[in-house]
Amino acid sequence: MAEKQITINYQEFSSPDQMSAQDQELVRAALEAQKGSYSPYSQFQVGAALLLANGMVVKGANQENIAYPSGLCAERSAMFWAGANYPDVPFNTLAIAGSDHGVLCESPASPCGSCRQVMAEYQKKHNRPLKIILVGSKRIRKFACVDDLLPFIFDSLTLH
């Protein structure tokens with residue numbers, strides 16, 4: 001037996017003002033994207049803003065459905081739209097903001113496993129790191145790549 005350890009690196013900010021102008025704009029876009037949330041059951045509004053390599057920002061918001069799990073997370077709604085409309089444009093940075101009953105969560109909301117796996121797939125597809133920004137009212141975390149959110153990415157199968 002060998003004991004192993006995983007180290008995750010990230011930056012933490014107490015306010016968007018400490019971030020680059022581009023990251024500040026993406027944080028604002030993620031907060032704005034929450035307005036498109038349809039969340040009558042959970043009252044948990046999530047907005048995502050995806051910066052593409054061509055400079056375009058694509059927004060997404062969570063969409064719930066009474067026939068759970070027919071809804072879709074904000075992160076995947078933004079990534080799937082970008083993937084469908086700009087299939088050859090790499091993703092640069094994804095900002096995510098979550099609010100509970102209209103109040104931004106103090107700690108950043110973390111993406112679900114399905115969203116992390118989709119992030120990993122696009123990161124691999126474009127062969128470049130996808131940076132992730134998780135927005136909370138008391139702290140903002142920025143990760144250099146999806147691997148820091150999903151260290152054992154499901155990508156080892158060869159499908160025939």
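The exercises below, each with a worked solution, concern the structure shown above, which is a predicted model.

**Exercise 1. The packing of helix 2 and helix 3**

Task: Determine at what angle helix 2 and helix 3 pack and how far apart their axes are, and then state which residues make the contact.

Solution: Two packed helices are described by the angle between their axes and the distance between the axes. Helix 2 covers residues 74-85 and helix 3 covers residues 113-126, and the two pack at an angle of about 25 degrees with their axes 9 Å apart. Because angles under 35 degrees count as roughly parallel, helix 2 is roughly parallel to helix 3. The next step is the handedness, and here helix 2 passes helix 3 in a left-handed crossing. On the side of helix 2 the contact is made by Glu-75, Arg-76, Met-79, Phe-80 and Gly-83, while helix 3 contributes Ser-114, Cys-115, Val-118, Met-119 and Tyr-122. Sorted by character, the residues of this contact divide into six nonpolar, two polar and two charged.

**Exercise 2. The cysteines**

Task: Establish how many disulfides a search of the whole structure finds, and explain why the sulfur of Cys-145 is not bonded to that of Cys-115.

Solution: A disulfide is a covalent bond between the sulfur atoms of two cysteines. The search of the whole structure finds zero disulfides. For Cys-73, the nearest cysteine sulfur is that of Cys-115, 3.7 Å away, and Cys-73 is in no disulfide; the cut-off for a disulfide is a pair of sulfur atoms within 2.5 Å. For Cys-145, the closest cysteine sulfur is also in Cys-115, but it lies 17 Å away and is therefore too far for a bond. As to accessibility, Cys-73 is partly exposed at 23%, whereas Cys-145 is buried, with a relative accessible area of 18%.

**Exercise 3. Backbone features in the loops**

Task: Locate the cis peptide bond that ends at Pro-69, and describe the positive phi values of Gln-43 and Asn-127.

Solution: The peptide bond from Tyr-68 to Pro-69 is cis, with omega near 15 degrees, and Pro-69 belongs to the loop between strand 3 (57-61) and helix 2. Turning to phi, Gln-43 has a positive value near 60 degrees although the residue is not glycine, and Gln-43 sits in the loop between helix 1 and strand 2 (44-52). Asn-127, likewise not a glycine, has a positive phi of about 55 degrees, and its place is the loop between helix 3 and strand 6 (131-135). With a relative accessible area of 29%, Gln-43 is partly exposed, while Asn-127, at 72%, is exposed.

**Exercise 4. The surroundings of His-101 and Gln-24**

Task: Work out which residues His-101 touches beyond its sequence neighbours, and decide whether Gln-24 is buried or exposed.

Solution: His-101 is placed in the loop between strand 4 (91-100) and strand 5 (103-104), and at 56% relative accessibility the residue counts as exposed. Not counting residues up to four places away in sequence, His-101 touches Ser-42, Gln-43 and Gln-45. One of these partners, Gln-45, is 56 residues from His-101 along the chain, yet their C-alpha atoms are separated by 7.4 Å. Gln-24, in turn, is in helix 1 (residues 21-33). Because buried means under 20% relative accessible area, the 17% of Gln-24 places this residue among the buried ones. Leaving aside neighbours within four places in sequence, Gln-24 is in contact with Pro-16, Asp-17 and Met-19.

Methods
Residues numbered from 1 in each chain as written. Predicted model: local features only at pLDDT ≥ 70, side-chain atom pairs only at ≥ 80, totals over all residues. Heavy atoms only, no water. Axes fitted to C-alpha atoms, helices over the stretch in contact; angles between N-to-C directions. Helix = DSSP H or I, 4+ residues; strand = E, 2+ residues; numbered from the N terminus. Parallel < 35°, antiparallel > 145°, perpendicular 65-115°, else oblique. Left-handed = near helix turned anticlockwise from the far one by under 90°. Contact = heavy atoms within 4.5 Å. Nonpolar A, V, L, I, M, F, W, Y, C, P; charged D, E, K, R; others polar. Buried < 20%, exposed > 50% of the residue type's maximum accessible area, 1.4 Å probe, protein only.
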